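Trainee: I would like to go through some of the terms used for helices and contacts. Please give the reasoning with each one.

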Amino acid sequence: MNAVADAIVASEGLSRREFLRRLQAMGGLLLVADGLHIVKAADAPKYGAEGMEHGTIDNPLVFVMVGDDGWVTIIAHRSEMGQGVRTGMPLIVADEMEADWSKVRVQQAPADEVKYGNQDTDGSRSTRHFFDPMRRCGAAARMMLEQAAALSWNVPAAEVHAVNHEVLHGKTGRKLGFGSLAKRAAKLKVPLPSALRLKKAEEFRYVGKGNVALIDGHDIVTGQAQYGIDPWFKDMSFAVIARSPVLGGTVKQFDGKAAAAAPGVLKVMQMPAPVAKAAFHPLAGVAVIANSTGAAMAARKLLVIDWDDGANGTYDSDAYRASMQESAHKPGKVVRESGNIDTALKAAAKTLEAEYYIPHIAHATMEPPCAVARIVAGKCEVWAPTQAPQATREDVAKHLGISEDNVTVHVTLLGGGFGRKSKPDFATEAAQLSQALDGRPVKVTWTREDDLHHDYLHTVSVEYLKAGMDANGKVSAWLHRSVAPSLVTLFNPKADHESGGELGMGFINMPYDIPNLRMENPEASAHCRIGWFRSVSNIPHAFAVQSFVAELAASANKDHRDYLLELIGPARKIDPNSLQDKWNHGESPQRYPVDTGRLRGVVEKVTQESGWGKKFARGRGQGLAAHYSFVSYAAAVVEADIDELGRISVPRVDIAFDCGPQVNPERIRSQLEGAVIMGLSLAMFGEITFKNGRAQQDNFHQYRVMRMNEAPSDIRVHLIPYTDWTMPLGGVGEPGIPPIAPALCNAVFAATGKRIRRLPIKDQARRSA
Amino acid sequence: MDLKINDHTVTVAADPDLPLLWVLRDLLGMTGTKFGCGMALCGACTVLIDGQALRSCVLAVSEAVGKNITTIEGIGASAVGAALQGAWQEINVPQCGYCQAGQIMSAAALLQAKPQPSDADIDAAMSGNICRCGTYTRIRSAIKQAANHGAVTK
């Protein structure tokens, strides 16, 4: 580690390992963090799962239990937040071991990465990183069951094979169920990886089929599913906290007498002094603990708190936007360059420039942050809807001053995650409150106001683009400046440039065939907690680039689809290093090059399926956008209808998606359907603004998210099919989001001639008279 | 006070102004009904009061005394509720699933009132229930499937 990284570690009080983990949690910012090479040059680079803290585990004794009763229990060690990982991952194990899915139970692992391998559920990585280890796990379990049967019958193992929860001896027709083999199999040696026989693709029963129901479906629809907000004990207390409205603020003094006297209130207390760096630490605040959450919420209104706002008390998002715009029009740190942009712009027959703005966006998970904790005999148990189990365990231990061994983190279902629940400040709060109550169980619940006021928000960004074209409208020069506070500021408040990972999200790794280009990243500072929101910096980068390409096409008077394909250029596999992207989503540049053929493929597919080029009456139109992120390729066509009052409706969205082979296509479709809705939602309504350092939106009446009457009734997902399971998998949870907002704005332009460069759209589609 | 919840009478000591949501969740441990906004904006806390879909986060518990309270834990006892729960699973509606209890309760009230709802009816009944994961198209399909199923069994 170099000196700067060391300084961050020292100032943060983190071990080197913790520092690496937190950077990784941002989506695998592995090698380059804010330009800091935190892995020594001598260290061989590790990619994919092996580059993640604690890597992968493929031991069947860790992940599979076969009961005498024949029930197979498979451990899910990644967090379920709607992406379907509790179904999709065990399904891989079950298939390889020839288990019958109807006799499979899934059990959630507690936080323990040494035992289970990496558990950070973000970066669209779970299936991509654990498909192979889970296959090996299942295959090993199958072979142990087969061997147990062979021993029982005293026949060579080669003569038996497992089929659908039984092992058969072909010669004699004898069968033994998995249950009756369980005890014997468990005593056998786990086969070496080199000895494993994996299934052939045509033997898959569940993988690639999309034929199994959600493992938690029944519990969810009957109200039995356990989220982080649901653990309940008879002697439990319920807390809400009034937190500093400004990042870095502290409690000067407070009067809690009226709150303490309110019905049901047990205790009013100041939270422990906050840690200077935001990281995943709780904010300063005053807690009200009562015999119900409702009582605590009512009493909190009676608190009188005198806050010291600190340095961020003047943060004003309008003023900040103006300052970012100013930066965007001046040269900044060059982060990628090829050819000679200045000469090319001078020589261009025509130039075009545009500036785009994307505001802070809140995650607004339907289950707000919440957690339960209790401490018995010095051992703390936490129940939390966390995307980052291990970081939760480490943080709780550190804040309580106990060892990690004395902290158990039970990972519940997450009522939405989207990156918010990668930051377990809420779990630490519950543990601190339990500690203050001598270990009694406490549930802390964030109200919706708390959630919107104190989120780890999506960054705010100004993107400036300028292009030069030749006489035929072909792009010869491309200048892009991206100005946005970095999420690295959570750990190093002085960071003032986008990190390698943020730059590599659709900015510097833009793969278009343009001879002269320069990407610049001017400085920007953070004044609220900046976090990662589903697809992260791809949102502003894709919005700007995909809007700008449509503007260029219109300016050249060419069809947008044809123009985009020409810009992408011929099919080729690009080494991300040649794009000056050292990050590449943490994946090997050889195994995961940027494949413009696949990018072309999704553009061609989605335009074909959506009937691109259809003629519409004025007021209705189609918009296109394509984007590569999380090593997957997505393209969308949005059909928008704008009425006389400028109100937008979206009758139909097509999205084509190429993530390589698809383990559970049913959940991939649902993820993309959801990404379409979330993308439209942020494009039309999503914005958190600040005045005097305080977020201005309180609840869903001010922070609007898409509702059923506004949602497209027709979403068509087109998956690019593959049968080669040796091909590396792409991410799924996030890459559907980035193309949606620009596709919508391009549709609004097609329908009305109105170009929207500032999100959210709100009433900007209103036609001028 | 006595509350009639899912056809059982329970006695609970609660501040009469406390929202029903917290009586269910915190005092009785019936956690199927969810908290989402506290202002009747998102529908996660929807329950049926005498068959009508209401937001329990803004309903004082005293208002529910003497009425039939139905929650997600009890809705499966009705034909409509069971049909909805079945359709929800067949179509794999949920993503995270957190809002789905409220969605099903709103859908149940809709189908009780209108066994064959139009798209406009579905929009009107369901637009008070937010799903941040974006399962709306599947919710719509599941309501229609349950409605068709209901028509067959009646």
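The talk below takes up two helix pairs and the contact between two chains.

Mentor: Keep in mind that this is a predicted model.

Trainee: Why are helix 20 of chain A and helix 21 of chain A called oblique?

Mentor: The axes of helix 20 (residues 665-684) and helix 21 (residues 740-752) of chain A come within 8 Å and cross at roughly 60°. Angles under 35 degrees count as roughly parallel, and 65 to 115 as roughly perpendicular. A crossing of roughly 60° fits neither class, so helix 20 of chain A is oblique to helix 21 of chain A. The crossing of these two helices of chain A is right-handed.

Trainee: Which residues make the contact between helix 20 and helix 21 of chain A?

Mentor: Helix 20 of chain A gives A:Ala675, A:Val676, A:Gly679, A:Leu680, A:Leu682 and A:Ala683. Helix 21 of chain A gives A:Ile740, A:Ala741, A:Leu744 and A:Cys745. By class, nine are nonpolar, one is polar and none is charged. Gly counts as polar, so A:Gly679 is the polar one.

Trainee: What makes helix 21 of chain A mostly covered?

Mentor: A residue is buried if 20 or more other C-beta atoms lie within 10 Å of its own. In helix 21 of chain A, 13 of its 13 residues are buried, so the helix is called mostly covered.

Trainee: How do you know that the span of helix 3 of chain B is close to the expected one?

Mentor: Helix 3 of chain B has twelve residues and reaches 16 Å from its first C-alpha to its last. The expected value, at 1.5 Å a residue, is 16 Å.

Trainee: Why are helix 3 and helix 4 of chain B called oblique to each other?

Mentor: They pack at an angle of about 130°, with their axes 9 Å apart. Roughly perpendicular ends at 115 degrees and roughly antiparallel needs over 145, so about 130° is oblique. Helix 3 of chain B passes helix 4 of chain B in a right-handed crossing. Among the residues in this contact are B:Leu84 and B:Trp88 of helix 3 and B:Ile104 and B:Leu111 of helix 4. B:Leu84 and B:Trp88 are also among the buried residues of helix 3 of chain B.

Trainee: How many residues of chain B are in contact with chain A?

Mentor: 48 residues of chain B are in contact with 53 residues of chain A. Helix 3 (79-90) and helix 4 (100-113) are among the elements of chain B that give two or more residues to that side. The residues of that side of chain B divide into 24 nonpolar, 17 polar and seven charged.

Conventions: Residues numbered from 1 in each chain as written. Chains lettered and ligands numbered in written order. Predicted model: local features only at pLDDT ≥ 70, side-chain atom pairs only at ≥ 80, totals over all residues. Contact = placed C-beta atoms within 7 Å. Helix = DSSP H or I, 4+ residues; strand = E, 2+ residues; numbered from the N terminus. Axes fitted to C-alpha atoms, helices over the stretch in contact; angles between N-to-C directions. Left-handed = near helix turned anticlockwise from the far one by under 90°. Expected span 1.5 Å × (residues − 1). Buried ≥ 20, exposed ≤ 12 C-beta atoms within 10 Å, placed from the backbone.
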